[in-house]
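Trainee: I should like to learn how the contacts in this structure receive their labels. May I put some questions to you?

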Amino acid sequence: MIPVLVYDKDQCDPKKCTAKRMEKFGLAKEVPLNRIPSGSVVLSPFGEKTLSPADVKYAHRGLVVLDLTWTHIDEIPHIRGEKARKLPYLVAANPINWGKPWRLNSAEAVLASLIIMGQDEQAELFMPRFNWAPEFVTLNKALLDDYRTAKDSDDVQRMSDEYVESIVGSAGER
């Protein structure tokens, strides 16, 4: 099992907070910034590299989700020694951002990461805990299946870019 760690800025409603829910059900553990293990994978929309199956070797030190609201995204802290990774194109299924690309909540980000890295048994633990989780996987199934076959970050980014281009291209032709 990959240790899922949460750095929580306490910016969202605790009743709706997916990070708090992951903690409640033993799917994640909250840690202060100075306790994030060096070399762990930190999910960040500002990462230069895209998460890939190859990152599983780093994720065993920790898969870190930074829980803060999208309105405060510029407050993401820098973590020394981390492997910052952004997620490829995926569409949210949570009630707040349903259908919005790249607007995943913390649990969706962790779930997608686990699937991309081939951690199916651990990802399966999210299904009964989040009512939108099965829909998230269904909405993104083809993409997640492709991403998990990639050899590295560049390969995942290429797949993501090609998919976005196919959407933009077909929308522009109408």
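The conversation below concerns charged pairs, burial and aromatic rings.

Mentor: Please note that this is a predicted model, in which local features need pLDDT of at least 70, side-chain atom pairs count only at pLDDT 80 or more, and totals for chains, interfaces and linings use all residues. Residues are numbered from 1 along each chain as its sequence is written, and side-chain values use heavy atoms, with hydrogens and water left out.

Trainee: Why is the contact between Arg 85 and Asp 55 called a salt bridge?

Mentor: The term requires a side-chain nitrogen of Lys or Arg within 4 Å of a carboxyl oxygen of Asp or Glu. For Arg 85 and Asp 55 the N to O distance is 2.9 Å, so the pair qualifies. Five salt bridges are counted by this rule.

Trainee: What makes Arg 85 and Asp 55 a link between parts that are 30 residues apart in sequence?

Mentor: Arg 85 belongs to strand β6 (residues 83–86), while Asp 55 lies in the loop between β4 (49–50) and α2 (56–59), so the pair ties these parts together. Helices (H or I, at least four residues) and strands (E, at least two) are DSSP runs, numbered from the N terminus.

Trainee: How do you know whether Arg 85 is buried or exposed?

Mentor: Buried means under 20% relative accessible area, exposed over 50%, and partly exposed in between (1.4 Å probe, protein chains only). Arg 85 has 8% and is therefore buried; Asp 55, at 4%, is buried as well.

Trainee: How do Asp 145 and Lys 141 come to be about one helical turn apart?

Mentor: They are four residues apart in helix α6 (residues 141–147). Their side chains form a salt bridge with an N to O distance of 2.8 Å. Asp 145, at 33%, is partly exposed, and Lys 141, at 45%, is partly exposed too.

Trainee: Why is the pair of Phe 126 and Phe 130 called stacked?

Mentor: Rings of Phe, Tyr and Trp (its six-membered ring) pair if their centres lie within 6.5 Å; planes under 30 degrees apart count as stacked, over 60 as edge-to-face and the rest as tilted. Here the centres are 5.9 Å apart and the planes differ by 20°, so the pair is stacked.

Trainee: What makes the pair of Phe 130 and Trp 132 tilted?

Mentor: The centres lie 5.0 Å apart, with 40° between the planes; that angle is neither under 30 nor over 60 degrees, so the label is tilted.
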